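Biologist: Got a minute to go through this structure with me? I'd like to start with empty space inside.

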Amino acid sequence: MKVSIIGAGYVGLVTAACLSEKGNDVKVYDISKDKINRLSKGKMTIHEPGLEGLVKTNLAESRLRFTTELGQSLDDSEVIFLAVGTPPSGDGSADLTFLYKAAESIKNELITNPMKKPVVVATKSTVPPKTGQYIKGIFGGLNDKIFYASVPEFLAEGTAVENFMHPNRIVVGVDSDYAKSVLKDLFRPFTAGGAQLFSCDIETAELSKYASNYLLASRISAMNELARISGAFGADIGMIRKIVGSDERIGSKFLFPGIGYGGSCFPKDVKALQSIAKSGGIDAIIAKAIDEVNENQPLYFANLVANLFNDERYGLKDITIGMWGLSFKNGSDDMRESRALVVLKELLRKGAKVRVYDPIAMKMGTAQPAVRNVVQELGLNENMVIFAEGIYDAITPAYGLVICTDHDAFKSPDFERIKSLMCAPLIVDGRNLYEPEKMEKKGFRYFSIGRK
Ligand code: NAD
């Protein structure tokens with residue numbers, strides 16, 4: 001099938017790579033010339049396991065093309081996916097400016113160069129219910145040629161290719177048999193592999209994405225709240241997680257306490273859901289609480305770090321802390337809403353110098369500008385944060401170590417080496433990567449979230 005994708009970000013690029021891998025002819029359009037230039041040469045703009053191979057193979061096979069010419073991308077397309085960003089506005093609602101601009105451009109292009117066949121325009125971006133109706137309004141005069149659909153994306157960064165290739169569900173919100181039938185065909189290679197396809201109305205599809213992120217985020221905030229209660233009573237949240245997770249009604253996934261959820265989806269979508277609810281006359285009190293716990297969690301962690309270092313050193317001023325992890329999660333370079341940045345900001349505010357290392361975000365170049373923003377916001381000298389060259393360089397020298405991201409590279413380090421490099425054998429772990437008892441035996445003063 002001929003597919004056009006508008007927006008070459010995390011969702012657009014993964015969608016393009018995976019659909020071309022299934023034999024579709026995919027053209028990707030983005031307003032960022034730099035992104036399109038790099039992608040056209042097979043150079044990665046984001047880090048996702050398995051993505052580079054798919055992009056290079058399908059570029060070589062000419063099933064995947066990148067362009068800054070909208071007309072070229074739309075030419076003969078049977079399906080156009082909108083995958084542009086929907087960032088939060090100042091009041092927490094979803095900012096749909098990029099999406100509406102993209103829809104306007106498509107409409108203008110289709111008026112100038114009318115299509116021979118009808119086309120399905122499907123929104124993959126996360127949007128509030130009724131956005132589809134508004135976009136249909138934009139396409140007003142082209143109703144006989146354009147069939148609208150909402151196809152929300154459920155991939156998770158860090159496992160995006162795997163999630164797209166082997167989804168457990170595909171949601172298709174439609175109000176026409178034409179769109180339903182075309183999308184069913186497009187996704188057949190995935191449904192044949194076992195994915196469930198839910199076909200529903202447009203508003204249900206739109207809201208289903210928020211519902212999913214709201215419930216996932218609620219598990220994280222609930223576990224973080226429980227972890228703090230657990231910590232206050234000397235109980236072990238790790239064991240509690242296993243106990244409650246063994247109840248089939250609860251299930252064991254997505255119950256890991258830490259420094260809170262970040263990234264480009266959960267924080268903005270939980271906030272946007274509150275705004276959606278408000279516009280429907282509903283006070284979303286649970287969504288508010290999920291958000292509040294999440295905003296507090298990295299501050300709680302930074303205070304824990306400060307108290308532990310304070311106990312030993314009488315203050316953070318002028319001491320150097322080693323910090324592992326900047327991106328919001330394992331396997332991703334995405335710095336958007338990363339809780340590690342909140343922790344970093346608090347430690348800097350309290351006077352510490354920080355040596356940071358992130359194996360993925362620093363390599364992809366996303367970490368450096370985000371960290372510099374934090375330093376500038378605080379009005380500090382740039383040398384208060386040093387970008388280290390590896391996990392051991394981050395603690396050479398350092399008084400102790402703070403862990404903020406659960407990257408694989410941090411999971412089995414050489415502990416003897418760590419001890420020999422740091423002034424104190426102190427590790428404060430915001431991701432509960434190691435076993436407290438084993439760490440004690442190794443001679444560390446090891447602190448994590450909600451465990452002894
Ligand atoms: P992103 O910021 O990584 O990418 C968006 C891209 O759209 C950018 O490359 C930008 O240059 C481009 N763009 C903006 N306006 C454009 C226009 N008029 N025409 C063409 N290109 C344009 O965003 P993302 O993370 O891929 O998210 C996209 C949407 O998908 C959001 O609504 C998000 O909530 C949703 N989503 C994201 C994820 C995720 O894990 N990142 C998962 C599921 C859903």
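Modeller: Sure. About 30 Å³ of space lies in the largest cavity. A cavity here is a set of points on a 1 Å grid over the protein atoms alone where a 1.4 Å probe fits but cannot get out, and the volume is the space filled by probe spheres set on those points, joined across faces, edges and corners.

Biologist: Before we go on, what sort of model is it?

Modeller: It's a predicted model: local features need pLDDT of at least 70, side-chain atom pairs count only at pLDDT 80 or more, and totals for chains, interfaces and linings use all residues. Residues are numbered from 1 along each chain as its sequence is written, and side-chain values use heavy atoms, with hydrogens and water left out.

Biologist: OK, which residues line the largest cavity?

Modeller: Thr123, Ser125, Thr126, Val127, Ser150, Pro152, Ala205, Glu206 and Lys209, each with an atom within 4 Å of a point.

Biologist: And which helix gives the largest share of that lining?

Modeller: Helix H10 (residues 202–232), with three residues. Helices are DSSP runs (H or I, at least four residues), numbered from the N terminus.

Biologist: Switching to the ligand: which residues come nearest?

Modeller: Asp30, Lys35, Thr86, Glu157 and Lys268, out of 26 around the ligand; near means a heavy atom within 4 Å.

Biologist: How far is the polar side-chain atom of Thr86 from a ligand oxygen atom?

Modeller: 2.5 Å for Thr86. For Lys268, a polar side-chain atom lies 2.6 Å from an oxygen atom of the ligand.

Note on methods: A polar contact is a pair of N or O atoms within 3.5 Å; within protein, one must be able to donate a hydrogen and the other to accept it, and residues adjacent in sequence count only if both atoms are side-chain atoms. On a 1 Å grid over the protein atoms alone, a cavity is a set of points where a 1.4 Å probe fits but cannot get out, and a pocket is an open set with protein on both sides within 12 Å along at least five of seven lines; lining residues have an atom within 4 Å of a point. Helices (H or I, at least four residues) and strands (E, at least two) are DSSP runs, numbered from the N terminus.
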